[in-house]
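Hello,

I am passing on the structure that we talked about, and I would be glad if you could open it next to this message while you read.

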Amino acid sequence: MEKIKIKYFDEDIDKIEKISKGDWIDLRSAETIHLKKGEFRLIPLGVGMKLPDGYEANIVPRSSTYKNFKILQTNCFAVIDNSYSGDADEWKLPVIAMDATVIHKNDRICQFRINKIQPEIEFEEVERLDETNRGGFGSTGRK
């Protein structure tokens, strides 16, 4: 089992915990934020971590984030590598408000998981790939 060093930048937000259902872990807003429609903001998440060598964290919105707060994550999928671990390196969520909204301190707004980084790879140029074609974009499961 890997141990992750975690620093809390705000002692009033709930501590992170891994729940038994699912592989993603919720993150919370570390402050109350009022956003106007179209406004961009980096929402502080109140934590920083030192990830083990060979690992990265990926942050995405929770499935209810848009429904509850009308915000979209602007980079769609955040990647935090293990070098982002200085004493002031607080994780943040970049968002744009699609409508005026309020995110309260301690609201669960996104989630993360820790993954192994991509192994070393090498590209080999070829003239042909597989003989079977899937039929184009969005073709999985079509009859």
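Below is what was found in it, beginning with the pockets and ending with a patch on the surface.

Please keep in mind throughout that this is a predicted model.

Pockets

The largest pocket has a volume of about 430 Å³, and of the 15 residues that line it, those closest to its centre are I4, K18, I25, F112 and I114. Two elements, β1 (5-8) and β11 (108-116), give two or more residues each to this lining, and β11 gives the most, with three residues. Sorted by class, the lining of the largest pocket holds 11 nonpolar residues and four charged ones, with no polar residue.

The second largest pocket encloses about 260 Å³ of space, and 20 residues line it, of which E17, I19, I25, D26 and R108 are the closest to its centre. Here β2 (25-28) and β11 each supply at least two residues, and β2 gives the most, with four residues. The lining of the second largest pocket divides into nine nonpolar, two polar and nine charged residues.

Salt bridges

The whole structure contains six salt bridges, and three of them are described here.

In one, D87 pairs with K7, and their closest N and O atoms are 3.2 Å apart. D87 belongs to the loop between β8 (78-81) and β9, while K7 is in strand β1, so that the pair links parts of the chain 80 residues apart. D87 is exposed, because its relative accessible area of 60% is over the 50% cut-off, whereas K7, at 33%, counts as partly exposed.

In another, K105 forms a salt bridge with D10, with the closest N and O atoms 2.8 Å apart. K105 lies in the loop between β10 and β11 and D10 in the loop between β1 and β2, so this pair ties together parts that are 95 residues apart in sequence. K105 is partly exposed at 32% relative accessibility, but D10 is buried, because its relative accessible area of 16% is under 20%.

The side chains of R28 and D14 also meet in a salt bridge, at 3.6 Å from N to O, and D14 is partly exposed, with 39% relative accessibility. Finally, salt bridges with shared partners join D10, D12 and K105 into one network.

Surface patch

On the surface, Y66, L72 and M98 make a nonpolar patch of about 260 Å². M98 sits in the loop between β9 (92-97) and β10 (101-103), and M98 is partly exposed, with a relative accessible area of 37%.

With best wishes

Notes
Residues numbered from 1 in each chain as written. Predicted model: local features only at pLDDT ≥ 70, side-chain atom pairs only at ≥ 80, totals over all residues. Heavy atoms only, no water. Patch = residues over 30% accessible without salt bridge, like charges linked within 9 Å, V, L, I, M, F, W, Y side chains within 5 Å. Areas by Shrake-Rupley, 256 points an atom, 1.4 Å probe, with all protein chains shown as cover. Salt bridge = Lys/Arg side-chain N within 4 Å of Asp/Glu carboxyl O. Buried < 20%, exposed > 50% of the residue type's maximum accessible area, 1.4 Å probe, protein only. 1 Å grid on protein atoms, 1.4 Å probe; cavity = no way out; pocket = protein on both sides within 12 Å on 5 of 7 lines; lining within 4 Å. Points joined across faces, edges and corners; volume = space filled by probe spheres on them. Nonpolar A, V, L, I, M, F, W, Y, C, P; charged D, E, K, R; others polar.
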